[in-house]
Amino acid sequence: IAEAPLHLIASLPIIALVHAVGGTYLLKRWSVDPIFRLKTDALYLILTGALVSTSAPSVHVAVSFILGIHFSYGQWIREYVSTLVCFVILVPLFLRWGAKPWFRRVPYELWKTTSIFSTLIILCIAFFVFDIIKFSIYFI
């Protein structure tokens with residue numbers, strides 16, 4: 001964030017609001033069970049992620065267009081993919097974790113959830129922070 005342009009930093013609250021309101025509306029509209037008992041719950045969660053993830057790059061494109069700053073297709077794809085990946089990793093974890101009481105977890109379940117979550121976070125950091133995969137090269 002230290003090196004990000006001011007117009008992108010200023011648009012972050014708008015993006016957070018669109019993610020929260022849009023995601024909440026769609027999850028409630030489709031009656032997604034936070035325990036994911038049905039296959040349709042996972043499908044609706046992925047569809048919600050795919051729809052809500054378009055807001056971050058779209059807001060950045062709109063702000064860049066208004067200010068006359070170039071915003072490439074590769075940047076849009078990279079932002080969309082990173083937002084979608086974060087959504088698909090974090091939201092099921094928090095929904096399921098919040099739906100189950102603390103006293104029902106056994107140590108194995110805690111270890112398994114923590115290890116999977118840690119692995120996914122490390123992969124996200126490797127891909128999107130350290131730019132191991134050069135998305136901008138493939139999509140420009």
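Which residues make up the largest nonpolar core? In this predicted model, that core is made up of Leu27, Val32, Leu45, Phe87 and Val91, 5 residues in all.

## Overall architecture

The chain contains 7 helices and 0 strands. Read from the N terminus, its elements follow the order α-α-α-α-α-α-α. Of the 140 residues in the chain, 29% are buried.

Among contacts with a separation of 6 or more, 64% are accounted for by residues 24 or more positions apart. The area exposed by the chain is about 9,500 Å², and carbon and sulfur atoms supply 74% of this area.

## The nonpolar core and its surroundings

Two members of the largest nonpolar core, Val32 and Leu45, are also contacts of Leu27 when neighbours within four places in sequence are left aside. On the same basis, Leu27 is in contact with Thr48 and Leu95 as well.

Phe87, another member of the core, is in contact with Ser53. Ser53 itself is located in the loop between α3 (39–52) and α4. With a relative accessible area of 1%, Ser53 is buried, because the cut-off for that class is under 20%. Beyond its neighbours within four places in sequence, the contacts of Ser53 include Tyr80, Thr83 and Leu84, and His19 is also one of them.

## Ser55 and His19

His19, a contact of Ser53, is also in contact with Ser55. Ser55 belongs to helix α4 and counts as buried, at 10% relative accessibility. The side chains of Ser55 and His19 are joined by a polar contact of 3.1 Å.

A polar atom of the Ser55 side chain also lies 2.8 Å from the backbone oxygen of Val52. Apart from neighbours within four places in sequence, Ser55 is in contact with Ile15 and Val18 in addition to His19.

## Helix α1 and the residues around His7

His7 is placed in helix α1 (residues 6–10). Its relative accessible area of 14% makes His7 buried. His7 and His60 are separated by 53 residues in sequence, while their C-alpha atoms are 8.2 Å apart in space.

Leaving aside neighbours within four places in sequence, His7 is in contact with Val63, Ser64, Leu67 and Ile69. Leu67 and Ile69 also take part in a nonpolar surface patch.

## The nonpolar surface patch

This patch covers about 480 Å² and is made by Phe65, Ile66, Leu67 and Ile69. Ile66 is found in helix α4 (residues 55–67), the helix that also holds Ser55.

Is Ile66 buried or exposed? Ile66 counts as exposed, because its relative accessibility is 69% and the cut-off for that class is over 50%. Within helix α4, therefore, Ile66 is exposed at 69%, whereas Ser55 is buried at 10%.

## The salt bridge

How many salt bridges does a search of the whole structure find? The search finds 1 salt bridge. Asp33 and Arg37 form a salt bridge, in which the closest N and O atoms are 2.9 Å apart. Side chains of opposite charge can pair when their charged atoms come close.

The two partners fall into opposite accessibility classes: Asp33 is buried, with a relative accessible area of 18%, whereas Arg37 is exposed, with a relative accessible area of 62%. Asp33 is classed as buried because its value of 18% is under the 20% cut-off.

Terms used
Residues numbered from 1 in each chain as written. Predicted model: local features only at pLDDT ≥ 70, side-chain atom pairs only at ≥ 80, totals over all residues. Heavy atoms only, no water. Core = buried A, V, L, I, M, F, W, Y, C linked by side-chain atoms within 4.5 Å. Buried < 20%, exposed > 50% of the residue type's maximum accessible area, 1.4 Å probe, protein only. Contact = heavy atoms within 4.5 Å. Patch = residues over 30% accessible without salt bridge, like charges linked within 9 Å, V, L, I, M, F, W, Y side chains within 5 Å. Areas by Shrake-Rupley, 256 points an atom, 1.4 Å probe, with all protein chains shown as cover. Salt bridge = Lys/Arg side-chain N within 4 Å of Asp/Glu carboxyl O. Helix = DSSP H or I, 4+ residues; strand = E, 2+ residues; numbered from the N terminus. Polar contact = N/O pair within 3.5 Å; in protein donor to acceptor, adjacent residues only side chain to side chain.
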